[in-house]
Number of protein chains: 2
Amino acid sequence: MQTKICQMLGIDIPVLAFSHCRDVVAAVSKSGGYGVLGAVLMSPAELEAELTWIDEHVGGAPYGIDLMLPTSLADGGVSPDAVQLPADAVAYRDQLLREHDIDPDSLTAVAMATAESFSEHRADELIDVALAHGVTLIASALGPPPAAMVEKAHAAGAYVAALVGNKKHALRQLERGVDVIVAQGYEAGGHTGEIGTIVLTAEIVQTVNSINPDVPVLAAGGIMNGHQLAASVALGAAGAWCGSVWLTSREAETEEHLKRKMLEASSSDTVRSKYRTGKPSRQLRSAWHAGWEAPGAPASLEMPLMGYLSEPALQKASLLADGGHVGATELSTYWVGQGVGLMNQPKSVAQIMADFAEGYIEAVTALTESIDE
Amino acid sequence: MQTKICQMLGIDIPVLAFSHCRDVVAAVSKSGGYGVLGAVLMSPAELEAELTWIDEHVGGAPYGIDLMLPTSLADGGVSPDAVQLPADAVAYRDQLLREHDIDPDSLTAVAMATAESFSEHRADELIDVALAHGVTLIASALGPPPAAMVEKAHAAGAYVAALVGNKKHALRQLERGVDVIVAQGYEAGGHTGEIGTIVLTAEIVQTVNSINPDVPVLAAGGIMNGHQLAASVALGAAGAWCGSVWLTSREAETEEHLKRKMLEASSSDTVRSKYRTGKPSRQLRSAWHAGWEAPGAPASLEMPLMGYLSEPALQKASLLADGGHVGATELSTYWVGQGVGLMNQPKSVAQIMADFAEGYIEAVTALTESIDE
């Protein structure tokens, strides 16, 4: 296939794959797509090790990394140890765990990526590591990155991509000189906005084309197959940015019980909830959400406090669930988009990519036939 | 163009247009699409008059009607006069009106379409009127219609269509022998579900194809142009069902101040709120919603009570707003989908339909070029 993003990145299938798992990243790039490693939680040494592994396994194909590029120069940072969580929220969480036969004692504080905790200094070090490995794209899920970071990437021959959830954000990113805009719709897993993918993509394509038609737009949010990839291109996008679809792939490190839950879920089984990070993020609906949405539950805390409260509990639940613990399995959840309803069987990454290509051709054929007289 | 729905209904452009306005219905059908008149609030005599007018203006092209087909045999009905609205909610509404310089006295009760108020007897009379005029499609936004109604439509040579918001609803409608399934996504105006159009359409197409591949699926929710129509067909749909895009057409009876608001709005300017009918319905965001979402506001009432509270106030605001009343213009709102961000200039229905066809061809051309080697 040939679209603007294929030409820009030198790939055959216009699918960009966000994953925290190096195996997925390498397999996507080897299969003709473009893997993007989620690196936000890594130290520079960890990233160095991951990228060395990818270089050894990707067969020379291009790949990129995803960071939270901080928008300001201030080094922030609130440590989990330095904050006092509200007693009523802690008590409510602990009771919810006990109701699911989980001992709330000795929960371990968990490292989390938040805008506050991710400093420019750290982002800069990670970018240096990535550019030394020859990544060709650096993506950011936050607001417009500092100009110096964009310049550094460009000087090294790498592109900068940015995720946006509305038109205003797209305009800000274009001003900052970003090269690729990812229009991420309401359907997406993780932190996401209010506007559905079929509207947002069309609107962002119009906006970007009116300012700089050379900038490719990618559709994101709910896209799991080649028919939806063709729909994205019909909307004027150059391809798709996909995260959830890899979670149930054979290569993904997703816990087995979560893979099972995802394969069984329909599109109605996700929830966009504040009760994990403090901001609305889409997750598999579980007993965790039922507990926090029940009458009498405390309100969600702000980011990053909600994460300090939820992550240790949910990570303990996830570990127990893989051992067959019933209550923990009910509670356990992970970020995934509404497209989870279209993930119905475990596949290899290569198979998912082949299905993308095949579905795309099927869709184009059907469209072509619809206008043959 | 040729898709399953084009063949079934004998139309050239696979766009079904829901509208309360007979002018829009006739103009869409004359332009090669298929107009569907929203008839739920009409008496049999009123419907007779509307359909007679359409017959005189549609040039022999086919058209349909949309009703709420009741799912059970019970005649319901709660009259606005028979209910006591909670005093705190009434007082809050009246204060909100006063803050916008509107006198809350002498608000007039307003007829509303609700599942409770729409009896099977009345639906049956309307269907008789419509079938006598030779409508070829009867659509229903509610749950599965009674078998007798489906049989009556089929006996007269008309098809039955049903709107669904999730997979479970689609399965129920198929069991009842419905001929066309409309997958209506989160982006849509009016009462709508949680699942985005790009996911819901793909999931419903899979579901319907596995049971009865002869049943066409239409995509709905956010679809305003030919690129999105092509995206719908890429997803496996036979076309699109559109409501919002007609609201700013020259033929639509939408109040002028609402047309202006809609043309200026971006996709971020809608809200899916209970504070109009008592169930989540998507509307243009206005000072009405800000008022009811403010701290200390009463909770929304159940359907139909919330409508008895809101409709007289909002209809008074709408009347005043067209006269230039500032506070009323701030409050005034109407049901519209997120695609409102793509409605940027007033057009005739014929122009909207021509743009649908042109955008469709553009999208198919771009897709075809993307797979040419």
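Biologist: Which residue just after α6(A) takes a positive phi?

Modeller: Bear in mind that this is a predicted model. Look just past the end of α6(A), where phi turns positive at about 80°. The residue there is Gly157(A).

Biologist: Staying with α6(A), which of its residues are buried, and on how many degrees of arc around the axis do they sit?

Modeller: Helix α6 covers residues 147-155 of chain A, and its buried residues are Met149(A), Val150(A) and Ala153(A). They sit on the same side of α6(A), because the arc they cover around the axis is only 100°.

Biologist: And what does the face of α6(A) turned away from the buried side carry?

Modeller: Exposed here means over 50% relative accessible area. On the face pointing away from the buried side, the exposed residues of α6(A) are Ala148(A), Glu151(A) and Ala155(A).

Biologist: How are α10(A) and α12(A) oriented to each other, roughly parallel or roughly perpendicular?

Modeller: Take helix α10, residues 256-264, and helix α12, residues 305-322, both of chain A: their axes come within 8 Å and cross at roughly 90°. An angle of 65 to 115 degrees counts as roughly perpendicular. So α10(A) and α12(A) are roughly perpendicular.

Biologist: Which residues make that contact?

Modeller: By class there are two nonpolar, two polar and two charged residues in the contact of α10(A) with α12(A). From α12(A) come Ser318(A), Ala321(A) and Asp322(A), and from α10(A) come Glu256(A), His257(A) and Leu258(A).

Biologist: Over to chain B: what span does α14(B) reach from its first C-alpha to its last?

Modeller: Helix α14 of chain B runs over residues 349-371, which is 23 residues. At 1.5 Å a residue, 33 Å is expected. The model comes close to that, with a reach of 34 Å.

Biologist: Which elements of chain A do the buried residues of α14(B) pack against?

Modeller: The buried residues of α14(B) include Val349(B), Phe356(B), Tyr360(B) and Leu367(B). In chain B, the buried residues of α14(B) pack against β1, α2, α9 and β9. In chain A, their partners are α9 (226-234) and α14 (349-371).

Biologist: Which residue follows Met303(A) across a cis peptide bond?

Modeller: Omega of that bond is near 5°. The residue is found in the loop between α11 and α12 of chain A. It's Pro304(A).

Biologist: Is Asp101(A) buried or exposed?

Modeller: Asp101(A) is in the loop between α4 and α5 of chain A, and has a positive phi of about 60° despite not being a glycine. Its relative accessibility is 63%, so Asp101(A) counts as exposed.

Notes:
Residues are numbered from 1 along each chain as its sequence is written. Chains are lettered from A and ligands numbered from 1 in the order in which they are written. This is a predicted model: local features need pLDDT of at least 70, side-chain atom pairs count only at pLDDT 80 or more; totals for chains, interfaces and linings use all residues. Side-chain values use heavy atoms; hydrogens and water are left out. Axes are lines fitted to C-alpha atoms, for helices over the stretch in contact, and angles run from 0 to 180 degrees between N-to-C directions. Helices (H or I, at least four residues) and strands (E, at least two) are DSSP runs, numbered from the N terminus. Angles under 35 degrees count as roughly parallel, over 145 as roughly antiparallel, 65 to 115 as roughly perpendicular and the rest as oblique. Contact means heavy atoms within 4.5 Å. Ala, Val, Leu, Ile, Met, Phe, Trp, Tyr, Cys and Pro count as nonpolar, Asp, Glu, Lys and Arg as charged, and the others, Gly among them, as polar. Buried means under 20% relative accessible area, exposed over 50%, partly exposed in between (1.4 Å probe, protein chains only). The arc is that of the directions from the helix axis to the C-beta atoms. The expected span of a helix is 1.5 Å times one less than its number of residues.
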